[in-house]
Amino acid sequence: MAVRTPDPDPEPDDEGLGAFRDATPPAPDANPGWLSDVELEEARRRLPMLYVEAIPVRTDGSGQVTEIGILLRSTPMGEMTRTIVSGRVRFGETIRDALFRHVENDLGPMAFPLLPPQPLPFTVAEYFPIPGVSAYHDDRQHAVSLAFVVPVTGTCEPRQDALEVTWFSPEAAASDAVAAEMEGGRGTLIRHALASLGLLR
């Protein structure tokens, strides 16, 4: 299922994997790393695009993960789908800065993510425009995504296209029912995250 949802960040070169966007582009000199729609489409036909994805989690006092946060969105076709924090890395931006920016964009400025100085992804996911090449699919492009588990300590208030953040227990997040609602094969990504945390039973 091809899913396109608007991006909270108004700059069109930062939308998440599978995102739908119809924001007004910034002035030409506002961001020298920005690509026009034509340039972006041309780049997508020729190059893999680099993304970061974040699975927000809540932990107890001992650091054990107790809840997994998954975004609920409505598509332009009126379908409800689930996804995770996702977005492109800008030219000249560190992975940590990109991760922090997209967590804030999707979960709001009061989410307070806990990011180490050198974040390490739990996996690298490859999204292909042709279904079946990998577990992950994006109908627009070939994308390489660094996926992280990110503890958040504040209040998460999704912005723009995201309707809410639903907090699941690890067992519920790994269920087939949740995986069936995830866009682009991200149910597999959730299970990889849980396995990396030793929570997949």
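Tutor: A helix here is a DSSP run of H or I with at least four residues, and the model to which we apply this term is a predicted one. Helix 1 covers residues 37–46 and contains both E42 and R45, which are three residues apart, about one turn of the helix.

Student: What makes the contact between E42 and R45 a salt bridge?

Tutor: The term asks for a side-chain nitrogen of Lys or Arg within 4 Å of a carboxyl oxygen of Asp or Glu. Between the side chains of E42 and R45 the N to O distance is 2.4 Å, which lies within the 4 Å limit, and therefore the pair qualifies. E42 and R45 also belong to a network of salt bridges that includes R46.

Student: Why is E42 called partly exposed, while R45 is called exposed?

Tutor: Exposed requires over 50% relative accessible area, buried requires under 20%, and partly exposed is what falls in between. E42 has 27% relative accessibility, and therefore counts as partly exposed, whereas R45 has 60% and therefore counts as exposed.

Student: How do you know that D176 and R191 form a salt bridge, and where in the chain do they sit?

Tutor: Their closest N and O atoms are 2.6 Å apart, which is again within 4 Å, so the definition is met. This pair links distant parts of the chain, with D176 in helix 4 (residues 176–181) and R191 in helix 5 (residues 186–196), 15 residues apart. As to accessibility, D176 is exposed at 61%, and R191 is partly exposed at 26%.

Student: What makes E183 and R186 a salt bridge, and are these residues buried or exposed?

Tutor: The closest N and O atoms of E183 and R186 are 3.5 Å apart, which is within the 4 Å limit, so this pair also counts. E183 has a relative accessibility of 2%, which is under 20%, and therefore it is buried; R186 also has 2% and is therefore buried. The structure holds ten salt bridges.

Student: What makes a set of residues a nonpolar core, and which residues have the most contacts inside the largest one?

Tutor: Such a core consists of buried residues of nonpolar kinds, including Ile, Leu and Tyr, joined through side-chain atoms within 4.5 Å. The largest has 25 residues, and those with the most contacts inside it are I55, I68, I70, Y127, L189, I190 and L194. Strand 1 (49–59), strand 2 (65–74), strand 5 (123–128), strand 7 (143–151) and helix 5 each supply at least two residues of this core. Apart from it lies another core of 18 residues, among them L99, L115, V152 and A162.

Student: How do you know that strand 1 pairs with strand 7?

Tutor: Pairing requires that DSSP find at least two bridges between the strands. Strand 1 and strand 7 share nine bridges in the parallel sense, so the condition is satisfied; one of the partners is A143 in strand 7, which stands opposite M49. Strand 1 also runs antiparallel to strand 4 (residues 85–88), with four bridges between them, and V52 stands opposite G87 there. Three bridges join strand 1 to strand 2, again in the antiparallel sense, and T59 has V65 as its bridge partner.

Student: What makes you call strand 1 mostly covered?

Tutor: Nine of the eleven residues of strand 1 are buried, and buried stands for under 20% relative accessible area, so the description follows from that count.

Definitions and conventions:
Residues numbered from 1 in each chain as written. Predicted model: local features only at pLDDT ≥ 70, side-chain atom pairs only at ≥ 80, totals over all residues. Heavy atoms only, no water. Buried < 20%, exposed > 50% of the residue type's maximum accessible area, 1.4 Å probe, protein only.
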